[in-house]
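I set out to record what I looked up in this structure. My entries concern charged side-chain pairs and the faces of a helix.

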Amino acid sequence: MTVMSTGISTFYNANAVVLANEGRIFGLDAQLLFDIVIQGIAVFLVFVFLSYILIEPVKKMLEERQAKIKNDIASAASDKEEAAKLKALYEEKMEKADSEVDDILTAARKKALKNEETIVAEAKNEAARIISHANQEAELEKSRVKDEVKQEIISVATVMAGKFVDESLDAAKQDALIDATLKEMGDNTWLNK
């Protein structure tokens with residue numbers, strides 16, 4: 001840099017001297033041309049030096065940055081494709097899940113209806129069994145009551161026969177005895193038969 005500033009100051013000094021001596025606006029002499037060439041070489045060397053120190057690393061950094069950007073773009077495209085595949089897979093699984101839910105609900109409804117029919121049928125069978133059992137109980141109770149009534153009639157007849165035998169009764173006494181026995185047994189006994 002000092003060479004350059006020295007060259008520039010020399011150029012101005014030379015021009016000022018030439019202009020003062022000759023009265024010309026722009027004077028070309030050998031020293032000025034030599035200074036221009038030296039300054040050109042110095043600028044060229046500075047440019048080469050700066051390009052080696054600054055431009056090459058910057059260029060290298062830009063190339064690395066471009067490579068990184070290309071890799072990022074390729075990676076983003078790959079990620080986008082993978083995301084699209086995953087989205088399609090997700091949507092397919094959601095459709096299958098919806099289908100499975102519908103199938104499960106349908107099966108549950110069918111099972112519930114079948115269970116309902118089974119429960120109703122069992123309830124009807126149980127009701128029929130209870131009614132049948134109640135009817136059998138009623139028949140048994142009727143038979144028992146009939147047997148009791150027959151036993152009572154037999155005992156009454158035995159008592160009457162004993163009374164007939166003990167007393168020789170005439171027809172009027174027999175009728176009175178039968179009426180008294182019937183009154184003892186009650187009218188309801190004969191009406192239930």
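**Entry 1: a pair in helix α2**

I began with Lys-96 and Glu-92, which are four residues apart in helix α2 (residues 30-166) and therefore separated by about one helical turn. I note that the model is a predicted one. I then looked up how the two side chains meet: Lys-96 and Glu-92 form a salt bridge, with 3.5 Å from N to O. This distance falls within the 4 Å that I require for a salt bridge. For Glu-92 I read a relative accessibility of 41%, so I entered Glu-92 as partly exposed.

I add a general remark: side chains of opposite charge can pair when their charged atoms come close.

**Entry 2: the count, and a second pair**

How many salt bridges does a search of the whole structure find? I recorded five.

I next examined Glu-126, whose salt-bridge partner is Arg-129. The closest N and O atoms of this pair are 2.3 Å apart. Both residues belong to helix α2, where three residues, or about one turn of the helix, separate Glu-126 from Arg-129. I checked the accessibility of each partner. Glu-126 has a relative accessible area of 35% and is partly exposed; Arg-129, at 48%, is partly exposed. The cut-off for exposed is over 50%, so a value of 48% is still entered as partly exposed.

**Entry 3: a network in helix α2**

I turned to Arg-144 and found a salt bridge to Glu-141, with 2.1 Å between the closest N and O atoms. Arg-144 and Glu-141 are three residues apart in helix α2, which means a separation of about one helical turn. I listed Arg-144 as partly exposed because its relative accessibility is 38%, and Glu-141 as partly exposed because its value is 37%. Which residues do salt bridges with shared partners join into one network? I noted Glu-141, Arg-144 and Glu-148.

**Entry 4: helix α3**

I compared the span of helix α3 (residues 171-185) with expectation. At 1.5 Å a residue, its 15 residues should span 21 Å, and the end C-alpha atoms are 21 Å apart, so the two agree.

I then asked which residues of α3 are buried. I found Leu-177, Thr-181 and Met-185. Viewed down the axis of α3, the buried residues fall within an arc of 70 degrees, and I therefore recorded them as lining one face of the helix. On the other side of α3, I entered Ala-172 and Lys-183 as exposed.

Note on methods:
Residues numbered from 1 in each chain as written. Predicted model: local features only at pLDDT ≥ 70, side-chain atom pairs only at ≥ 80, totals over all residues. Heavy atoms only, no water. Helix = DSSP H or I, 4+ residues; strand = E, 2+ residues; numbered from the N terminus. Expected span 1.5 Å × (residues − 1). Buried < 20%, exposed > 50% of the residue type's maximum accessible area, 1.4 Å probe, protein only. Arc of directions from axis to C-beta.
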